[in-house]
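Q: Got a minute to go through this one with me? I'd like to start with one residue and then hop around.

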Amino acid sequence: MADFTQAREQMVVRQIAARGIADRHLLAAMREVPRHEFVPADMAAMAYEDSPLPIEAGQTISQPYIVALMIDAAEVAPGDKVLEIGAGSGYAAAVMGRIADRVVAIERHGELAEIAASRMRRLGYDNVEIVQGDGSKGWSAEAPYEAIVAAASGSHVPEALLRQLSIGGTLVMPVGEPSAVQNLVKVTRTAEDDFEQEDLGPVRFVPLIGEHGWRDTSRESGRPRPRSIEERINQAAEILPDFEDPDFAAAFDRFGDARVVLLGEASHGTSEFYRARALVTERLVRHHGFNIVAVEADWPDAAFVDRYIRHREAREEEGASAEDAPFQRFPTWMWRNTDVDAFIRRLRSCNEGRYAEEMVGFYGLDLYNLGGSIRAVIDYLDDVDPDAAALARERYGCLQPWSRNPALYGQLAISEGYARCEDGVVEMLRELQRKRLEYAALDGEEWLDAAANARLVKNAEGYYRAMYRGAAESWNLRDTHMFETLSQLLEAKGPGAKAVVWAHNSHIGNAAYTEMGQVREELNIGQLVKERFGEQARLVGFGTHSGTVAAATDWDRPMEIKAVRPALPGSYERLSHDSGVPRFLLDLRGPGELREALMEPRLERFIGVIYRPETERWSHYAEAILPMQFDAWVWFDETEAVTPLPVEQRPGEDETYPFGL
Ligand code: SAM
């Protein structure tokens, strides 16, 4: 027989105590009760996982944390007499029996009641009595009880149960529709006829079936009604708590073992996507050794922020001119917003007290700031190799006239039939790479930055020329550049390096399983990362139904706060909305009915920096196969636009660095 002592200890520490449950009697009881004895034999190996599990009679044993949460909320204490409704496996009753004097636990299924009772006998838990019956009526024979815990959800708290509470006693019970998210309520009887009710948050339980609960419909038709996809999403969705709750980020610990975690967004202007990614990223950095945060921003702009995050001095040139301040180009709100500002400060605090080589860095994967990259390479060479700097000025001089509007260069290069600046920018990168040893000996970080900028100039030169040959080609160049930059970062930081990537769903969801790859021959960073790292890469998509978004009507036009239209029928977003769960994490990995059902291609919404609600179907929806595109799907039913920060930099305010606010 396997020894589960260690697994049980880990369960108590990681799932229960880490989530804030501190009652020593409860923790001791959970350390003692062998949960693996309360599940069917073939499930024993999973008994200490952080999830509910199926048991006999089509029922479930609750997630360990939920059991603890309810017992804690019901304030079960030594000396108490406790009533449980919905004994199921008997596990929760057994835990309460280790704390209280006596527990009566009612179960409506005869088969379950019998198995649970025999477990109590086998374990010698003789202060726990399992009875078969309808718990919605309570168990008046032994009333009153100091605590009543119901593990099945009713439409309301039955009066019969309230009357069986002692004065000062507490009842905890989920209330709400079956197959929907319910509310966990706590009722305290403060006097003979006075009760105080408190809401403890969203949960999901099987229905309380009985006289004061729901009707039993399972035998009403010959066979059970097949569940709709929306119902299945409702069942599989893991409810995400508020952003303030540490459990929010903890829900993503499952990706902590990966080498690369890519976090998407369904628009470039939704606050919830930024805030969620910030919390998850901080968690991965603090607890799982991630040391690279690479985002869909330009390299030189991100480098500016990186210095702040890693407590490095700002370069002298930086901040000196308004041109050098980060994120000054359209679409500024994508990075200059209050959520990013807060995130940057949190990342900086992650680095406090860390050695330089252990610090998390912040990098840009995109290639739009051609002018900034050219300046960065020249500035670098001015410091380390003035002769090479002179050569760089000459070679990059070819692009200089177009650095503010490089698209014009692309147009010209194609109409004149040759790429006049290509050779120079390629040569510049080669030279920097050739002199790696010499330059990196002076400062490895600075060399990495310069080489990344030189690669950016080379790829951007090609990108702008490709723009005039076709959207797919330039898209592919851009995403290949992002992938190359990420690969270089991972390589430069050594074998233990781990990266979190932030980019739009269209970049991080595997393009091979969307219209992009299947119709337009476009690839993306998500696909390239998946091909390279396989299971070591996790792709997380984000979605929303309605609310507001920050976006422009056209490129280079001002930002507006626009209303997001409710999701179209038939889309993945509409299914998510109709599941009735307002914010959730859906793990799409592994086999299962729901995954199968979601494999049929459906519409998905993509809002970028431009949003045109009038032509939404054609401008913003494309087909995808969600479970192949992403490993997980994060849902916020109602979302809000980001709050932009002003673009002007106020010079000389150090404490407000890097955004000058
Ligand atoms: N506390 C259990 C454990 O630790 O395994 C989990 C209970 S399970 C989530 C809910 C149980 O409530 C099911 O076994 C179900 O049969 C039972 N149930 C539903 N309605 C009931 C009722 N009216 N009376 C008693 N049990 C009921």
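A: Sure, and keep in mind that this is a predicted model. Let's start with Asn524: its side chain reaches the backbone nitrogen of Ala511 at 3.3 Å.

Q: What other backbone atom does the side chain of Asn524 reach?
A: The backbone oxygen of His507, at 3.1 Å.

Q: And where does Asn524 sit in the chain?
A: Asn524 is in the loop between α20 (515-520) and α21 (525-533).

Q: Is Asn524 buried or exposed?
A: Buried, with a relative accessible area of 0%. Leaving out residues up to four places away in sequence, Asn524 touches Trp475, Asp479, Ser506, His507, Ile508, Gly509, Asn510, Ala511 and Met516.

Q: OK, switching to the ligand. How many residues surround it?
A: There are 26 around the ligand, and the closest are Glu84, Ser89, Glu107, Gly135 and Ile209. By type, the shell splits into 12 nonpolar, 10 polar and 4 charged residues.

Q: Which protein atoms come up against nitrogen atoms of the ligand?
A: I can give you three cases. A backbone N or O atom of Gly86 lies 3.3 Å from a ligand nitrogen. For Asp134, a polar side-chain atom is 3.0 Å from a nitrogen atom of the ligand. Then there's Ile209, where a backbone N or O atom lies 2.6 Å from a ligand nitrogen.

Q: How much of the ligand's accessible area does the protein cover?
A: 99% of the 610 Å² that the ligand has on its own.

Q: Which elements give two or more residues to that shell?
A: Those are β2 (60-61), α4 (91-99) and β4 (102-107).

Q: β4 again, then: what does Arg102 pair with?
A: Arg102 forms a salt bridge with Glu129, and the closest N and O atoms are 2.5 Å apart. That pair links distant parts of the chain, with Glu129 in strand β5 (residues 128-132) and Arg102 in strand β4, 27 residues apart. Both ends are partly exposed: Glu129 has a relative accessible area of 34%, and Arg102 has 24%.

Q: How many salt bridges does the structure hold?
A: 45. Another one joins Arg254 and Glu238, again with the closest N and O atoms 2.5 Å apart. Arg254 is in the loop between α8 (247-250) and β11 (260-263) and Glu238 is in strand β10 (residues 238-239), so this pair ties together parts 16 residues apart in sequence.

Q: Which residues are linked in a network of salt bridges?
A: Arg395, Glu427, Arg430, Glu431 and Arg434.

Q: Now helix α10. How many of its residues are buried?
A: 11 of its 11, so to speak a mostly covered helix, spanning residues 299-309. Among them are Trp299, Phe304 and Tyr308, along with Asp301, Asp306 and Arg307.

Q: What covers the buried residues of α10?
A: The cover includes β12 (292-298), α11 (338-351), β13 (361-366), α12 (370-384), α17 (444-467) and α18 (471-492).

Q: And what about His311, after the helix?
A: His311 follows α10 and has a positive phi, near 55°.

Q: Which residue does Arg310 meet in a salt bridge?
A: Glu445, at 2.9 Å from N to O. Glu445 lies in helix α17 and Arg310 in the loop between α10 and α11, so the pair ties together parts that are 135 residues apart in sequence.

Q: Are those two buried or partly exposed?
A: One of each: Arg310 is buried, with a relative accessible area of 7%, while Glu445 is partly exposed at 26%.

Note on methods: Residues numbered from 1 in each chain as written. Predicted model: local features only at pLDDT ≥ 70, side-chain atom pairs only at ≥ 80, totals over all residues. Heavy atoms only, no water. Near = heavy atom within 4 Å. Polar contact = N/O pair within 3.5 Å; in protein donor to acceptor, adjacent residues only side chain to side chain. Areas by Shrake-Rupley, 256 points an atom, 1.4 Å probe, with all protein chains shown as cover. Helix = DSSP H or I, 4+ residues; strand = E, 2+ residues; numbered from the N terminus. Nonpolar A, V, L, I, M, F, W, Y, C, P; charged D, E, K, R; others polar. Buried < 20%, exposed > 50% of the residue type's maximum accessible area, 1.4 Å probe, protein only. Contact = heavy atoms within 4.5 Å. Salt bridge = Lys/Arg side-chain N within 4 Å of Asp/Glu carboxyl O.
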